[in-house]
Amino acid sequence: MPTEFISVTFPNASTELNPLENPALDPQFIERYARSLDDYGFNYTLIPYDSASFDPFTIGATVAAHTKNIKIIIALRPNTIYPTVAAKSLATLDQLSNGRVVVHFIAGGSDEEQAREGDFLDKHQRYERQEEYIRILRRVWQSSEPFDFDGRYYQFKQFHSRVRPVNGTIPVSVGGSSDDAYRIGGELADIFGLWGEPLAETKQQIDRIYAEAARAGRKDRPRIWVTFRPIVAETDELAWAKAHRTLDLLKENRARGLGKVPPTAPSPQNTGSQRLLEIASRGDVHDRALWYPTVTATNARGASTALVGSPRTIADSILDYVDLGADLISIRGYDNLNDAIDYGRYILPLVRADLAEREAPRQAVA
């Protein structure tokens with residue numbers, strides 16, 4: 001399959017660099033942002049989730065109503081919706097969007113965040129529950145007859161749904177960097193999401209995911225999704241100057257208690273963030289243009305590794321990951337709307353042109 005691009009849709013214009021105080025839902029912003037993604041050739045947009053956020057299903061439906069092509073990735077924590085309900089909700093949105101829905105599972109990387117919504121399972125149990133959840137969704141979408149389920153975390157009798165996905169099923173995405181994540185994602189996921197690590201570490205993770213898929217007896221493999229926060233300008237020199245201005249603002253906002261990362265935050269519990277911080281301790285710049293000070297400035301909260309450079313440098317960096325096996329590249333910036341437009345104008349065309357040029361000799365031989 002061709003390399004595809006993912007963005008992230010937020011409910012308003014608030015950003016990490018310019019956080020709005022008590023930001024409200026902004027339907028006009030969502031519409032403008034979604035249409036920009038469609039117009040500039042992004043393939044997917046993630047609707048994120050945390051315990052204090054707006055409902056991703058409703059925002060996803062809004063994005064679908066204002067677009068024609070982009071696929072909507074709904075972030076879902078299994079503790080928040082019973083799986084039979086989620087199966088119907090996802091299939092309903094899939095029908096409304098004519099088959100443009102993906103679901104991305106978040107097992108939960110913070111005990112404190114999970115407890116805010118009444119979830120007190122430990123990390124291993126959360127992954128066990130996620131595995132049951134995925135199996136239930138797939139069976140709901142595929143079963144023509146009522147069925148029972150008697151698992152450790154979910155039990156029900158004679159459930160049947162008349163709400164079917166357009167294409168018979170909905171792609172399932174899993175992310176993480178723990179043994180449980182690799183095992184479940186390798187066995188069950190259509191897509192496996194990784195944060196932007198250096199090439200060597202990314203290759204190690206991809207190999208582990210593929211090995212788990214083979215161990216599960218799969219004939220196929222999960223598609224690999226890697227996430228970056230590009231900082232782009234006309235030249236490399238201008239991009240690095242912009243990167244340092246961005247870093248200064250991130251640090252200043254954190255010191256002032258603005259945004260989502262408090263001035264003093266405990267070490268993150270999730271393996272992915274721990275890995276990012278360990279890599280950051282080894283140096284600021286990795287490989288061609290992978291920059292890690294944004295990781296430490298945000299305590300590795302979520303996707304936080306930057307690619308810094310001109311459009312050409314960033315396109316070449318992305319192609320390095322494509323060569324490793326990344327099928328989906330998530331790029332979002334620190335000025336969400338304007339950065340997405342810049343990426344669509346200057347980066348996506350370069351990557352796609354280079355990939356088309358590579359493919360031309362193969363097609364000629366065929």
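Biologist: Is Asn299 buried or exposed?
Modeller: Asn299 belongs to a predicted model, in which local features need pLDDT of at least 70, side-chain atom pairs count only at pLDDT 80 or more, and totals for chains, interfaces and linings use all residues. Residues are numbered from 1 along each chain as its sequence is written, and side-chain values use heavy atoms, with hydrogens and water left out. Buried means under 20% relative accessible area, exposed over 50%, and partly exposed in between (1.4 Å probe, protein chains only). Asn299 has a relative accessibility of 16%, so it counts as buried.

Biologist: What is the phi of Asn299?
Modeller: Asn299 lies in the loop between α10 (293-297) and β13 (306-309). Helices (H or I, at least four residues) and strands (E, at least two) are DSSP runs, numbered from the N terminus. Most residues other than glycine have a negative phi. Asn299 is not a glycine, yet its phi is positive, about 55 degrees.

Biologist: Is Gln158 buried or exposed?
Modeller: Gln158 sits in strand β6. Gln158 also has a positive phi, near 55 degrees, though it is a residue other than glycine. Its relative accessible area is 52%, so Gln158 is exposed.

Biologist: Why is strand β4 largely enclosed by the rest of the structure, and which residues of β4 are buried on the side that holds His104?
Modeller: Five of the five residues of β4 (residues 101-105) are buried, so the strand is largely enclosed by the rest of the structure. Val101, Val103 and Phe105 are buried on one face. The buried residues on the other face are Val102 and His104.

Biologist: Which residue of β4 stands opposite Ile73?
Modeller: Two strands pair if DSSP finds at least two bridges between them. Strand β3 (residues 71-76) and β4 have five bridges and run parallel. Opposite Ile73 in this pairing is Val102.

Biologist: Which helix does the chain pass through between β3 and β4?
Modeller: The crossover is of the β-α-β kind and is right-handed. Right-handed means that, with the strands pointing away from the viewer, the path from the first strand over the helix to the second runs clockwise. The helix on this path, residues 83-96, is α3.

Biologist: Which residue of β7 stands opposite Phe105?
Modeller: β4 also pairs with strand β7 (residues 172-175), in parallel, over three bridges. Opposite Phe105 in β7 is Val174.

Biologist: What distance does α3 reach from its first C-alpha to its last?
Modeller: α3 has 14 residues. The expected span of a helix is 1.5 Å times one less than its number of residues. For α3 the expected value is 20 Å, and the model's span is close to that, at 20 Å.

Biologist: Which residue just after α3 has a positive phi?
Modeller: Within α3, the buried residues include Pro83, Leu90 and Asp94. What covers the buried residues of α3 includes α2 (56-65), β3, β4, α5 (123-142) and β6 (155-159). Just after the helix, phi is about 60 degrees at Asn98.

Biologist: How much space lies in the largest cavity?
Modeller: On a 1 Å grid over the protein atoms alone, a cavity is a set of points where a 1.4 Å probe fits but cannot get out, and lining residues have an atom within 4 Å of a point. Grid points are joined across faces, edges and corners, and a volume is the space filled by probe spheres set on the points. The structure holds one cavity of 30 Å³ or more. The space in the largest cavity is about 40 Å³.

Biologist: Which helix gives the largest share of the lining of the largest cavity?
Modeller: The lining residues include Leu199, His286, Arg288, Leu290 and Tyr321. The largest share, three residues, comes from residues 311-324, helix α11.

Biologist: Which residue of β12 stands opposite His286?
Modeller: An open sheet of four strands has the order β10-β13-β12-β11, with mixed pairing. Its edge strands, each pairing on one side only, are β10 (231-232) and β11 (285-286). β11 pairs with β12 (residues 290-291) in the antiparallel sense over two bridges. Opposite His286 in β12 is Leu290.

Biologist: Is Thr313 buried or exposed?
Modeller: Thr313 is in helix α11. Beyond its neighbours within four places in sequence, Thr313 is in contact (heavy atoms within 4.5 Å) with Asp236, Arg288, Ala289 and Val308. Its relative accessibility is 14%, so Thr313 counts as buried.

Notes. 1 Å grid on protein atoms, 1.4 Å probe; cavity = no way out; pocket = protein on both sides within 12 Å on 5 of 7 lines; lining within 4 Å.
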